[in-house]
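Subject: A structure for you to look at

Hi,

Here is the structure I promised to pass on. Open it up and keep it on screen while you read the rest of this email.

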Amino acid sequence: MRKRKWWLLLPVLAFAGLMAALLWVCLGPDSGFVIPDQILICLDPGHGGSDPGAVLGDRLEKDDNLKMALAVRDALERHGFENLSVMLTREDDTDLELQQRVDIANSAGATLFISFHRNSGGGQGVETWVSAEGLRPEVRLATYIQSNLARCDIQKDRGVKKGTASNPLASYYVVGNTHMPACLIELGFIDNAGDNRCLGAGFDGYAQAIADGILKMVELK
């Protein structure tokens, strides 16, 4: 009887082990993240005041961001969970520096931080960003939200991404400097008519999808 060369399987087993380890890092149990008895969600509408963000004619990113953040707040509060409250870094057209946004969330001891933005520059679709480190809790949060948004009427699912659009080794400031799991959602390209049409027609669905992802993260859904 010929002996089986079991050692030939070692590269395959090593590759399988590596893939399992990567999945564990990205989606496994969250070391360091504990759901508190009282949950505080911090929603951050990007830009505001003298900073309009991306612009298309009379459409300003700052307005879209605030409108969506308010809608997500309403969707979360509609459930009436006594152990969940929601705060916004701004509730009107106010100037806020990036550090102020971070300080608001950190000082309040927020459980999760979600920042709202619109993309620009000639693309299409929705994406969600986490820090360059891509820690397990923030990847889970972003994945829950992005997966829900992918089931809405969007032109393209651009996925969960680490770092920034220009540098995968850097992080968007509010995501990299908050002390809780955080992500930044790009709700389509403001200079793409199709993305604007999808956002307008499916606005309530987008808000509910984001709220449901947040609730799943804190095990309330």
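Below is what turned up in it, starting with the pockets and ending with two residues that have an unusual backbone angle.

One thing before we start: this is a predicted model.

**Pockets**

Rolling a probe the size of a water molecule over the atoms shows where empty space is left. The largest pocket found this way has a volume of about 320 Å³. Its lining is made up of 19 residues, and if you want to jump to the middle, look for Gly46, His47, Asp51, Leu98 and His117, which lie nearest the centre.

Which elements build that lining? At least two residues each come from α3 (98-108), β5 (112-119), α5 (173-177) and β8 (182-189). The biggest share is from β5, which gives three residues. Sorted by class, the lining of this pocket has eight charged residues, six nonpolar ones and five polar ones.

Next comes the second largest pocket, at about 240 Å³. It has 17 lining residues, and Leu135, Thr178, His179, Met180 and Pro181 are the closest to its centre. Here α4 (136-150) and α5 each supply at least two residues of the lining. You've met α5 already, as it also supplies at least two residues to the largest pocket. The class split for the second largest pocket is eight nonpolar, seven polar and two charged.

**A cavity**

How many cavities of 30 Å³ or more are there in the whole structure? The search finds one, and it holds about 30 Å³ of space. To find it, select Gly125, Val126, Ile154, Gln155, Leu187, Gly188, Asp195, Cys198 and Tyr206, which line it. Two elements give two or more residues to that lining, namely β8 and α6 (193-201). Five of the lining residues are nonpolar, three are polar and one is charged.

**Helices packing on α7**

Two packed helices are described by the angle between their axes and the distance between the axes. Let's take α2 (residues 61-77) and α7 (residues 203-217) as our example: their angle is about 55 degrees and their axes are 8 Å apart. That angle is why α2 counts as oblique to α7. The crossing of these two is right-handed.

Now for who touches whom. On the α2 side you'll see Lys67, Met68, Ala71, Val72, Ala75 and Leu76, and they meet Phe203, Tyr206, Ala207, Gln208, Ile210, Ala211, Ile214 and Leu215 of α7. The contact of α2 with α7 has 12 nonpolar residues, along with one polar and one charged.

Helix α4 packs on α7 too, at an angle of about 145 degrees and with the axes 8 Å apart. This crossing is right-handed as well. From α4 the contact uses Pro137, Arg140, Leu141, Tyr144, Ile145, Asn148 and Leu149, while α7 brings in Tyr206, Ala209, Ile210, Asp212, Gly213, Ile214, Lys216 and Met217. By class, that gives 10 nonpolar, two polar and three charged residues.

Keep an eye on Tyr206 here. This residue of α7 is in the contact with α2, it is in the contact with α4, and it is among the residues lining the cavity.

**Two backbone oddities**

Most residues other than glycine have a negative phi, and most peptide bonds are trans. So where should you look for positive values? One is at His47, with phi near 65 degrees. His47 sits in the loop between β1 (39-45) and β2 (55-56), and you'll remember it as one of the residues nearest the centre of the largest pocket. Another is Glu219, which isn't a glycine either and has a positive phi of about 60 degrees. You'll find Glu219 in the segment after α7.

Have fun exploring!

Methods
Residues are numbered from 1 along each chain as its sequence is written. This is a predicted model: local features need pLDDT of at least 70, side-chain atom pairs count only at pLDDT 80 or more; totals for chains, interfaces and linings use all residues. Side-chain values use heavy atoms; hydrogens and water are left out. On a 1 Å grid over the protein atoms alone, a cavity is a set of points where a 1.4 Å probe fits but cannot get out, and a pocket is an open set with protein on both sides within 12 Å along at least five of seven lines; lining residues have an atom within 4 Å of a point. Grid points are joined across faces, edges and corners, and a volume is the space filled by probe spheres set on the points. Helices (H or I, at least four residues) and strands (E, at least two) are DSSP runs, numbered from the N terminus. Ala, Val, Leu, Ile, Met, Phe, Trp, Tyr, Cys and Pro count as nonpolar, Asp, Glu, Lys and Arg as charged, and the others, Gly among them, as polar. Axes are lines fitted to C-alpha atoms, for helices over the stretch in contact, and angles run from 0 to 180 degrees between N-to-C directions. Angles under 35 degrees count as roughly parallel, over 145 as roughly antiparallel, 65 to 115 as roughly perpendicular and the rest as oblique. A crossing is left-handed if the near helix is turned anticlockwise from the far one by less than a right angle, and right-handed if clockwise. Contact means heavy atoms within 4.5 Å.
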